[in-house]
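Welcome, and thanks for opening the viewer. Let's walk through this model together, one selection at a time.

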Amino acid sequence: MPHSSGGGSHGGGSHGGSHGGSSTRTSHNYFPGSRRYRRHHSNGTDEYFYSNTTPQKTTKASIVVVAAFGAVFTAIFGFASLSSRPHQLTENYTRPSSYVYDEINVIEDDRELEDTLEEFNDITGICPVVYTCYESDCVGHSSLESYTMQKYTDNYSDERHFVIVYTIPEEQAELLSEGNDFVPDYAWEAVQGDDTDPILTEEYFMGFANHVQMELEKGRDPGEAFTQGFEKVLIPKAEAKLNSKTATISALFPLIFLLLFFSIPLTLMVKSYKRDKDTIIEEVPLTEDDIKSGPQTSTSFAGASVAGSKTVSTVGSVIVIIFLIPFILIGIGLSIAGAVAISGDTASGAFMLVFGLIWTLVPGLILASSLKAFFRLAKKKEVPLTAEYPVSKPVSADYPTAEPQDMNRMDDFDMPESSASYRREEDEEYERMRRKGFE
């Protein structure tokens, strides 16, 4: 379908075209292709304007649809924003009877470490647990990380624990208990639940890990090293993060943006509904003064406008298609991830699945519409105006062309002798046959 590429008018300002269909344009000044309408207000005043389509009033149904659409997306993004905001986690687990399980007796002061871990639990809602064992206890696992992961999953079903496992060779346990700043061939690994990520970030954990390493390399026992790591790094950083307004605003920024994105058009629709609720809109005839006051359209640009509009529409459709494909792939990926995650965490998996489906559906519908417009434009071909008519050919010169004669000068016109002789012979033959009885 041909469409406007854009233009302008006196008093109406400039305007752009639309791609893939006709656009609605209104103005207080006449423009080519427009009709004249009158808006009769309830206070008795009339307002005249011009439009290329029949004006439609804003309805309650359209407001409700936009509001519902905005509410759904706001709820989805709101849940995601609130979940990612640093906040104290609610305890969906039973606190352990002990935070420290020193199975190889390498921690000198269990009580101090217990108090520190409990303080961290009170502040963040994250439950930290420390285990100690020998290297031989990890036999059958590919790594200490694998052993620690199994320790987590075997003992806890939630995503709000922070499990640390410390190991040494069994033959070095006695040397460590004797003190003397002995540094054994230790190794330690930590595993955290997904819900702890907003607080226990990678940056914070690395600060904690570096501090613990420094203490262990000094020959401190693991109890003292982990106590220092929590007291000097994790607890201060967690308190600062939970009390930070900047972190809260940053996490809620997508929600704030989405609220503004839907509230602005919704407000304009409500204002339009109130304005037009008691008004009457009717078409009135155009006058010669209207047409004369509007801009004149030159026919010399008609062909270029139609051809150019089709080219722009095709290019625009291709750009939209290319732009939407990554969004659809992301939505499909989120849906698959959500379906997989449901088995481990039903709430988070269900949210991710629903969000992924909606994410895929919206750009998918736009993509389908763009593909339909693209193929419709691709099928349209420019047909020359002379295509349905045969091409005329010059007539071959089978007959001599006579020079134009002046028919008024009869005295200059001589009958060819051959014609007169032929006529006499014909008459004589006729007379001869008539005499013989062939009349």
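A cavity here is a set of grid points where a 1.4 Å probe fits but cannot get out, and its volume is the space filled by probe spheres set on those points. Keep in mind on the way that this is a predicted model.

**Stop 1: an enclosed space**

Searching the whole structure turns up two cavities of 30 Å³ or more. We will visit the second largest, with a volume of about 30 Å³. To see its lining, select Tyr166, Leu176, Phe182, Val183, Pro184, Tyr186, Leu216, Gly219 and Arg220. Colour these by class and you will find seven nonpolar residues, one polar and one charged.

**Stop 2: α5 against α6**

Leu216, which you have just selected as part of the lining, also takes part in the contact of α5 with α6. Show α5 as residues 202–217 and α6 as residues 222–242. Their axes lie 8 Å apart, at an angle of about 155 degrees. An angle over 145 degrees counts as roughly antiparallel, so that is how α5 and α6 run relative to each other. Their crossing is right-handed. On the α5 side, pick out Tyr204, Gly207, Phe208, His211, Val212, Glu215 and Leu216; on the α6 side, partners include Pro222, Ala225, Phe226, Phe230 and Leu234. By class, this contact has 11 nonpolar, four polar and four charged residues.

**Stop 3: α2 against α6**

Keep α6 on screen and add α2, residues 110–124. How do these two helices cross? The axes come within 10 Å and cross at roughly 15 degrees, which makes α2 roughly parallel to α6. This crossing is left-handed. From α2, select Glu112, Leu113, Thr116, Leu117, Glu119, Phe120, Ile123 and Thr124; among the α6 residues they meet are Phe226, Phe230, Leu234 and Ala238. The residues of this contact divide into 10 nonpolar, four polar and four charged.

To finish, highlight Phe226, Phe230, Leu234 and Ala238 of α6: they belong to the contact with α2 and also to the contact with α5.

Conventions:
Residues are numbered from 1 along each chain as its sequence is written. This is a predicted model: local features need pLDDT of at least 70, side-chain atom pairs count only at pLDDT 80 or more; totals for chains, interfaces and linings use all residues. Side-chain values use heavy atoms; hydrogens and water are left out. On a 1 Å grid over the protein atoms alone, a cavity is a set of points where a 1.4 Å probe fits but cannot get out, and a pocket is an open set with protein on both sides within 12 Å along at least five of seven lines; lining residues have an atom within 4 Å of a point. Ala, Val, Leu, Ile, Met, Phe, Trp, Tyr, Cys and Pro count as nonpolar, Asp, Glu, Lys and Arg as charged, and the others, Gly among them, as polar. Axes are lines fitted to C-alpha atoms, for helices over the stretch in contact, and angles run from 0 to 180 degrees between N-to-C directions. Helices (H or I, at least four residues) and strands (E, at least two) are DSSP runs, numbered from the N terminus. Angles under 35 degrees count as roughly parallel, over 145 as roughly antiparallel, 65 to 115 as roughly perpendicular and the rest as oblique. A crossing is left-handed if the near helix is turned anticlockwise from the far one by less than a right angle, and right-handed if clockwise. Contact means heavy atoms within 4.5 Å.
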